[in-house]
Amino acid sequence: MASPHGRLHASPARLVVQSLRPQQWTKNLLVFAGLGFSGRLIDRDAWVPALAAFVIFCGLSGAVYLINDVIDRAADAQHPIKRLRPVASGAASALLAVACLTAAAAVNRALAMTAGAYVALLLAYSLALKHYVIIDVLTLAGGFVLRAVAGAVAIGVPISHWLLVCTTLLALFLGLSKRRHELTLLADGAAGHRPILQEYSPYLLDQMIAVVTASTLIAYSVYTISSETAERLGSDRLGLTIPFVLYGIFRYLYLVHQRRGGGNPSDLLLTDRPLLACVGLWVGAVLAVLYTGLGG
């Protein structure tokens, strides 16, 4: 990790890029869910708006990070990792957000509306909603759902309500795990960094995580084996992917409880080889079911 002293000599452009947190952009891969599950993955015409949506949401999430860093400058100074972040100006955030919203409007109106809703929701989180227990993680989950919606509306396909339910539950699982990590990592200083943490306890979070974990597995299982899904996707074998989801969630729980991870889902995905392999195998299995003879 670069030292704070080294950051002082970094160029302004590099500091801005660091503030955009490109390592977090893996979350925006959710925009490709609509492309993959709609059966249009091999449709070249669909890739242009899908890629545009991905780039736009990378920019929008970066803009939100910029403004959030400005708002949380004092609180982040008490965090052992966040205190090392460079902080850009709020003007950079506004310019980037406007540019991305303009690009979204150039793709289509629905994407622009979804992108606007994403910015409004995350700004509301940064300014107020992060101070309300439970609502804070629900708001973050909403950001994930809007990413999935954006990918679908960008290419003009409907997105399954079951897929939205699964996305919401998985996002809640990740968000609650992150809160638990912050609470255990910062201990007595947790409330000083993020005041809402005083409303949580490891026991409460473990109970909520247990509920969301079971709900996620049930929802995904029902989605994959339902007749509605089989009819829409042209395959009744998506249930073959359930074991990968089971392992992935259990592996994540292991990392949260035994390795004290979960503070940054993107980092865990990129650094934990078993988890990364599981996600890769799940993606491969989904594609095999939907786009090869395995789908029946």
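Which backbone oxygen does the side chain of Ser 93 reach? That of Ala 63, at 2.7 Å. The model behind this report is predicted.

## Ser 93 in helix 6

Ser 93 sits in helix 6, which covers residues 90-107. Its relative accessible area is 7%. The cut-off for buried is under 20%, so Ser 93 is buried.

Beyond its neighbours within four places in sequence, Ser 93 touches three residues by name: Ala 63, Leu 66 and Ile 67. Ala 63 thus appears in two ways. Ala 63 is on the contact list of Ser 93, and the backbone oxygen of Ala 63 is what the Ser 93 side chain reaches.

## Salt bridges around Arg 179

The salt bridge count for the model is 5. One of them pairs Arg 179 with Asp 136, with the closest N and O atoms 2.9 Å apart. Arg 179 belongs to helix 9 (residues 161-186) and Asp 136 to helix 8 (residues 135-155), so this pair ties together parts that are 43 residues apart in sequence.

Are the two partners buried or exposed? Arg 179 has 1% relative accessibility, so it counts as buried. Asp 136 has a relative accessible area of 0%, so it is buried too.

Arg 179 has another partner, Glu 182. Their side chains meet in a salt bridge at 3.3 Å, N to O. Here both residues lie in helix 9, 3 residues apart, which is about one turn of the helix. Arg 179 and Glu 182 are both buried.

## A link from helix 9 to helix 11

Arg 180 also lies in helix 9. Its salt bridge is with Asp 206, and the closest N and O atoms are 2.6 Å apart. Asp 206 lies in helix 11 (residues 202-225), so the pair ties together parts that are 26 residues apart in sequence.

How exposed are these two residues? Asp 206 has 24% relative accessibility and counts as partly exposed. Arg 180 has 13% and counts as buried. The cut-off that separates them is 20%.

Which residues do shared partners join into one network? They are Asp 136, Arg 179 and Glu 182. Arg 179 is the shared partner: it bridges to Asp 136 and to Glu 182.

## Arg 251 in helix 13

Arg 251 is placed in helix 13, residues 242-258. With a relative accessible area of 15%, Arg 251 is buried. Leaving aside neighbours within four places in sequence, its contacts are Asp 272, Pro 274 and Leu 275.

## The cavity

How many cavities of 30 Å³ or more does the structure hold? The count is 1. The largest cavity has a volume of about 40 Å³.

What lines it? The lining includes Gly 34, Phe 37 and Ser 38. It also takes in Ala 152, Val 157, Pro 158, Ile 159, Ser 160 and Leu 163. Arg 232 is on the list as well. By type, the lining divides into 6 nonpolar, 3 polar and 1 charged. Arg counts as charged, so the charged residue of the lining is Arg 232.

Key: Residues numbered from 1 in each chain as written. Predicted model: local features only at pLDDT ≥ 70, side-chain atom pairs only at ≥ 80, totals over all residues. Heavy atoms only, no water. Helix = DSSP H or I, 4+ residues; strand = E, 2+ residues; numbered from the N terminus. Buried < 20%, exposed > 50% of the residue type's maximum accessible area, 1.4 Å probe, protein only. Polar contact = N/O pair within 3.5 Å; in protein donor to acceptor, adjacent residues only side chain to side chain. Contact = heavy atoms within 4.5 Å. Salt bridge = Lys/Arg side-chain N within 4 Å of Asp/Glu carboxyl O. 1 Å grid on protein atoms, 1.4 Å probe; cavity = no way out; pocket = protein on both sides within 12 Å on 5 of 7 lines; lining within 4 Å. Points joined across faces, edges and corners; volume = space filled by probe spheres on them.
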